[in-house]
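Work through the exercises below with the sequence and the model at hand. Each task is followed by a solution in steps.

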Amino acid sequence: MTKEDIAKDIETYHVILYMKGTREQPACGFSAVVLQLLKKLNIPFECRNVLEDPVLRQNIKEFSSWPTIPQLYICGEFIGGADIVRDLYSSGQLHTLLKEKGLIAE
Amino acid sequence: MQPESLKSLLLTSFPQAEIDITDMYGDGQHLKIRVVSNLFKGKSLLAQHRMVYDALEGIVGEKIHAVSLHTQEVI
């Protein structure tokens, strides 16, 4: 996946997670954390497995200027990795953000 | 990478910060880094984490495989 592809990807999908492994089988603890939280929020989201695409794995890091995976994007905006997502989830800020974007009812 | 060298590196960008580095598995590859600094004041968590990654100058992903970051301003 090129950077142009990534740019299109994050515009196409409201919630998209670049992770290691798949939705069914996350391959890393940090990716599993974000996946779990997204599932708990019960919102539709897209996943990309960087382990399947080494070009994506490199490009997403440069695209986001962020050295690690997982990476969560909401409405084209980079939210962060596992630590940030976990923090935003516990503080309720993630929920608020999703409500603001109309991605979650209540 | 040794936690001590990392700590020194971080102190150059965050002077007087409280910095804790834990080697989670003892392999120098999975680190938990905690930085408490007034330089984070008023900044989003994302901005705070970016500051730490910038301070680490590309080491994450090269010499260190995974980092768990905890940042906050001084209370």
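Buried area is the accessible area (1.4 Å probe) that two parts lose on being put together, summed over both. The model is predicted: local features need pLDDT of at least 70 and side-chain atom pairs pLDDT 80 or more, while totals for chains, interfaces and linings use all residues. Residues are numbered from 1 along each chain as its sequence is written, chains are lettered from A and ligands numbered from 1 in the order written, and side-chain values use heavy atoms, without hydrogens and water.

**Exercise 1.** Describe the interface of chain B with chain A.

Step 1. Take contact as heavy atoms within 4.5 Å. Twelve residues of chain B then touch 13 residues of chain A.

Step 2. The two chains bury about 1,100 Å² between them, and carbon and sulfur atoms give 66% of this area.

Step 3. Of the area that chain B buries against chain A, 42% comes from B:L46, B:R50 and B:Y53, more than from any other three residues.

**Exercise 2.** List the elements of chain A and judge its compactness.

Step 1. Helices (H or I, at least four residues) and strands (E, at least two) are DSSP runs, numbered from the N terminus. Chain A has five helices and four strands, in the order α-β-α-β-α-β-β-α-α from the N terminus.

Step 2. The radius of gyration is taken over C-alpha atoms, and the globule rule is 2.2 Å times the number of residues to the power 0.38. For the 106 residues of chain A the rule gives 13 Å; the radius of gyration is 13 Å, close to that value, so chain A is as compact as a globular protein of that length.

Step 3. Buried means under 20% relative accessible area (1.4 Å probe, protein chains only). In chain A, 47% of the 106 residues count as buried.

**Exercise 3.** Work out the strand order of the sheet in chain A and what packs on the sheet.

Step 1. Two strands pair if DSSP finds at least two bridges between them. The four strands form an open sheet in the order 2-1-3-4, with mixed pairing.

Step 2. Strand 2 (46-49) and strand 4 (77-80) of chain A are the edges; each has a single partner strand, so one side of each lacks a neighbour in the sheet.

Step 3. Strand 1 (residues 15-19) and strand 3 (residues 71-74) of chain A run antiparallel and are joined by four bridges. A:L17 has A:L72 in strand 3 as its bridge partner.

Step 4. Helix 1 (residues 3-12) of chain A packs on the sheet and touches strand 1, strand 2 and strand 3. Helix 2 (residues 29-41) of chain A also packs on the sheet, touching strand 1, strand 2 and strand 3.

Notes:
Axes fitted to C-alpha atoms, helices over the stretch in contact; angles between N-to-C directions. Buried < 20%, exposed > 50% of the residue type's maximum accessible area, 1.4 Å probe, protein only.
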